[in-house]
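Student: Could we go through this model together? I would like to start with the charged contacts and then move to the overall fold.

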Amino acid sequence: MSAGTGSRNTEPWGGFDDHLIQGGGGSAVIDMENMENMDDTSGSSFEDVGEMHQRMKEEQEVSEEAAAAEDDGADEGEFLGMKGLKGQLGRQVADEVWQAGKRQASKAFNLYANIDILRPYFDVEPSQVRSRLMESMIPVRLITFPQKVAGELYGPLMLVFTLVAILLHGMKTSGTVIREGTLMGTAIGTCFGYWLGVSSFIFFLAYLVNAQITLLQMLSLLGYGLFGHCVVLLVSYNIHFHFLFYGLWLLIGGLSTLRMVAVLLSRTVGQTPRLLLCGMLSLLHMSFLLYLHFSYHRILEGLLDSLEGPNLAPMERVARDVPEVTLNLTTRSLGGLVRAH
Amino acid sequence: MALAEEASTPFVGLSNVSISEEIPVEGNITVPAGPSTRDDAFSTLDEPVKETILRDLRAVGNKFFHVLYPKRSSALLRDWDLWGPLLLCVTLALLLQGGAADSDDQGGPQFAEVFVIIWFGSIVITLNSKLLGGTISFFQSLCVLGYCIMPLTMALVVCRIVLLSGSGMVSFAVRLAVVTASFGWSTFASTAFLADSQLSNRKALAIYPVFLFYFVIGWMILTFSPRN
């Protein structure tokens, strides 16, 4: 009573046929896919039951077609029997082609749209993020050997989004209500463009001067450098004194720039490369903060322009009572500034 | 002795029984195509359209109810659907439309911007929570984030009503209070549903972008002022 090799078919009920076992071995990809699908218990019950129903319907259809083809072949004689056979063959071939295409497409999708590629860069703990935020304001002293740069993307990404939110907050509290939509687009475009663009540019320069830094590390370094920007803008968009802003710009902006510069210095050899790289970075970083602070001033002036029309001379521009957010003394002091300019 | 043997090892005596071909074995072995209840449940093609719509509406309404009284439950996650988020997104975008100060760009960019922000933001938050090691699926997360916009939509309706009575300091204070309360409610509701799917030590990392997302939507609502 052995069902050992299965090819002997000793059992009256057919035993385990060979092709069943070999079929499973040959289509390992399909099996893996099925296993994957079955293990994914986080899907909706609709999805799972829908899939099963689809499969059952397909099986039913196939068996019905096979039965219908057989009937046709038996009843109509040889001519139509041939046609029935060809039809069934054609259908089978089409089915095979579809299955193969679907398999390839899902393989390609799993390979390229796999977010697991990014997973190691998001492997952080909250305490690590906190400590890195604090460290981004502290310039290191030791520049004789390469400083460690954490290669993670969670912190930088969240800081860029925070910067976008702060920019929006700033644009709103200044009373700009025109073109709300494009303000959002501009804010997102500016922040992401800066982060990605300047990182790539500095990485390219670093590649030219043979500095020891990778793109991921540069992205991470610059991202954390935006923490200082977030703090300065948060303060200066609410408390509107120009000298306060300049002081913070120098102090906090300067500290975060110094940190980035120190890390880059520790990874570059030679006077000229160091000068080039670090000069470029500090120039871009500090001027970005200046740009962010002053860009919404221009928008505010645009608002006043559009409200008062072309009649008033520029010198007589006065901050009128527009239906705006009068949360803080921003508007009053801004009005004074506009008059002064 | 045979009896004793049989008593101690019951089925040993059957090992030499052969099924002879003189005893015909008859019958039908049919593999049922799933339990019959499933078949009934899936013949939804024949039911009247009203029933389908009502069933979907009831499911959506049930989820709205769960958002209104957020408890740690899996109701939103089990049977996700994106009807509710779509409805809320379209409502929000339509209501935020009339806020342009000049008459040129009334409808187009603002509707599209709100739409894009909500869906792009939800996708980014979902990807972030998956990358941090969350066990939630893509569409479940979209479903939860979309449904939790409901308090903010209600706040926008209230704000528009308040703005009808003028836009002075008092109305601003009222609007600020309403929007802040609904923002807190949205964030709390979404954490009640999403927190369980995250690793316990990374909850804060996954919740922070949700907080930012609803903050941005809340700001869009608070600073909305209609054209007169």
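**Charged contacts and fold**

Tutor: B:Arg202 is buried, with a relative accessible area of 8%. Please keep in mind that this is a predicted model.

Student: Which side chain does B:Arg202 meet in a salt bridge?

Tutor: Its partner is A:Glu125, and the N to O distance is 3.1 Å. A:Glu125 sits in the loop between helix H4 (78-112) and helix H5 (126-135) of chain A, while B:Arg202 sits in the loop between helix H9 (169-194) and helix H10 (203-222) of chain B, so the pair joins two chains.

Student: And is A:Glu125 buried or exposed?

Tutor: Neither label applies: A:Glu125 is partly exposed, because its relative accessible area is 23%, and the partly exposed class lies between 20% and 50%.

Student: How many salt bridges does the structure hold over all chains?

Tutor: There are five over all chains. One of them pairs A:Glu152 with A:Arg132, with the closest N and O atoms 2.6 Å apart. This pair links distant parts of the chain: A:Glu152 is in the loop between H5 and H6 of chain A, A:Arg132 is in helix H5 of chain A, and they are 20 residues apart. Both A:Glu152 and A:Arg132 are buried.

Student: What about chain B? Which residue forms a salt bridge with B:Asp81?

Tutor: That is B:Lys63, with the closest N and O atoms 2.6 Å apart. Here too the pair links distant parts of the chain, 18 residues apart: B:Asp81 is in the loop between helix H4 (75-78) and helix H5 (83-95) of chain B, and B:Lys63 is in helix H3 (residues 49-68) of chain B. B:Asp81 counts as buried because its relative accessibility is 11%, and B:Lys63 counts as buried because its value is 5%.

Student: Which residues are joined into one network by salt bridges that share partners?

Tutor: A:Asp123, A:Glu125 and B:Arg202 form that network.

Student: Let us change topic. How many helices and strands are there in chain A?

Tutor: Chain A has 11 helices and zero strands. Of its 341 residues, 37% count as buried. Among contacts in chain A between residues at least 6 apart in sequence, 75% join residues at least 24 apart.

Student: What supplies the area that chain A exposes?

Tutor: Chain A exposes about 20,000 Å², and carbon and sulfur atoms supply 63% of that area.

Student: Which residues touch the most other members of the largest nonpolar core?

Tutor: B:Leu92, B:Tyr214 and B:Ile217 do, in a core of 109 residues. Helix H6 (residues 154-173) of chain A provides the largest share of this core, 13 residues.

Student: What is B:Ile217 in contact with, leaving aside its neighbours within four places in sequence?

Tutor: With those neighbours left aside, B:Ile217 is in contact with B:Leu92, B:Ile118, B:Ile149 and B:Leu152.

Student: Where does UniProt place the transmembrane regions of chain B?

Tutor: The UniProt record, an unreviewed entry, places the feature "transmembrane region" at residues 80-99, 111-132, 144-166, 172-194 and 206-225 of chain B. In the model, residues 111-132 of chain B are 95% helix and 0% strand, with end C-alpha atoms 32 Å apart. Residues 172-194 of chain B are 100% helix and 0% strand, with end C-alpha atoms 32 Å apart.

Student: On to the cysteines. How many disulfides does a search of the whole structure find?

Tutor: The search finds zero disulfides over all chains. For A:Cys230, the nearest cysteine sulfur is that of A:Cys191, 8.1 Å away. A:Cys230 counts as buried because its relative accessibility is 6%, and B:Cys89 counts as buried because its value is 1%.

Student: One last topic: the loops. What is phi of A:Asn210?

Tutor: Phi of A:Asn210 is near 65°, a positive value in a residue other than glycine. A:Asn210 lies in the loop between helix H7 (180-208) and helix H8 (215-236) of chain A. A:Asn210 counts as exposed because its relative accessibility is 58%.

Student: And where is A:Thr144?

Tutor: A:Thr144 is in the loop between H5 and H6 of chain A. A:Thr144 counts as exposed because its relative accessibility is 68%. Its C-alpha atom is separated by 9.7 Å from that of A:Thr268, although the two residues are 124 residues apart along the chain.

How values were computed:
Residues are numbered from 1 along each chain as its sequence is written. Chains are lettered from A and ligands numbered from 1 in the order in which they are written. This is a predicted model: local features need pLDDT of at least 70, side-chain atom pairs count only at pLDDT 80 or more; totals for chains, interfaces and linings use all residues. Side-chain values use heavy atoms; hydrogens and water are left out. Helices (H or I, at least four residues) and strands (E, at least two) are DSSP runs, numbered from the N terminus. Buried means under 20% relative accessible area, exposed over 50%, partly exposed in between (1.4 Å probe, protein chains only). Contact means heavy atoms within 4.5 Å. Accessible areas come from the Shrake-Rupley method with a 1.4 Å probe; for residues, only the protein chains shown count as cover. A nonpolar core is a set of buried Ala, Val, Leu, Ile, Met, Phe, Trp, Tyr and Cys residues joined through side-chain atoms within 4.5 Å. A disulfide is a pair of cysteine sulfur atoms within 2.5 Å. UniProt positions are given in the numbering used here, feature names are shortened, and annotations may be inferred rather than shown by experiment. A salt bridge is a side-chain nitrogen of Lys or Arg within 4 Å of a carboxyl oxygen of Asp or Glu.
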